[in-house]
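Let's walk through a protein fold together, one piece at a time. Take a look at the picture below, and then read on.

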Amino acid sequence: MPAKSRYTLVIDGLSPVTRSHDIKAEASYYGKVLCVERDARARCALVEFQRSVHSRDADRAWEKLDGLRFDGCRWKVDWAVRKDFDFMGWKWTEGDERSPSRSPSRPHDIGY
């Protein structure tokens, strides 16, 4: 079983009209969202929550957002794994709290 992220969720099944800021707004109900990056062709997004030893923000978001109907589509939410990071061009940093979670050459938030 691949290692899963403790702070980053992957959302599949997004509508073509759902924007990054829409995803961030929904996820922000459950905690501090640091970054959302959406891939329009794959209809998925990564959502990174603030890292905190005692925070359950990503846990709550996973519980509440999985199965959400938004823009006519049902979201499938799961914990991001290394291949999700690779797909989006993010650097896998689980276990290394000092590193940024994304490659410095990538923009912070792509608004599709």
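**A guided walk through the fold**

Let's begin at a loop: Asp-71 lies between strand 4 (69–70) and strand 5 (73–74). Helices (H or I, at least four residues) and strands (E, at least two) are DSSP runs, numbered from the N terminus. Asp-71 has a positive phi of about 50°, although it is not a glycine. With 40% relative accessibility, Asp-71 counts as partly exposed; buried means under 20% relative accessible area, exposed over 50%, and partly exposed in between (1.4 Å probe, protein chains only).

Before going further, a word on the model: it is predicted, so local features need pLDDT of at least 70 and side-chain atom pairs count only at pLDDT 80 or more, while totals for chains, interfaces and linings use all residues. Residues are numbered from 1 along each chain as its sequence is written, and side-chain values use heavy atoms, with hydrogens and water left out.

Now find the sheet. It is an open one, in which 4 strands follow the order 2-3-1-6 with antiparallel pairing; two strands pair if DSSP finds at least two bridges between them. At the edges are strand 2 (33–39) and strand 6 (76–81), each of which pairs on one side only. On average, neighbouring strands of this sheet are turned by 25° against each other, direction ignored. Strand 1 (residues 4–12) and strand 6 pair in the antiparallel sense over 5 bridges, and Val-10 stands opposite Asp-78 in strand 6.

Next come the helices. Helix 1 (residues 20–27) packs on the sheet and touches strand 1, strand 2 and strand 3 (44–49); contact means heavy atoms within 4.5 Å. The direction of helix 1 makes about 140° with that of strand 2. Such angles run from 0 to 180 degrees between N-to-C directions, and the axes are lines fitted to C-alpha atoms, for helices over the stretch in contact. Helix 2 (residues 57–65) also packs on the sheet, touching strand 1, strand 3 and strand 6, and its direction makes about 145° with that of strand 6.

Which residues of helix 2 are buried? They are Asp-57, Ala-58, Ala-61 and Leu-65. Seen down the axis of helix 2, these buried residues fall within an arc of 90°, so they line one face of the helix; the arc is that of the directions from the helix axis to the C-beta atoms. What covers them includes strand 1, helix 1, strand 3 and strand 6.
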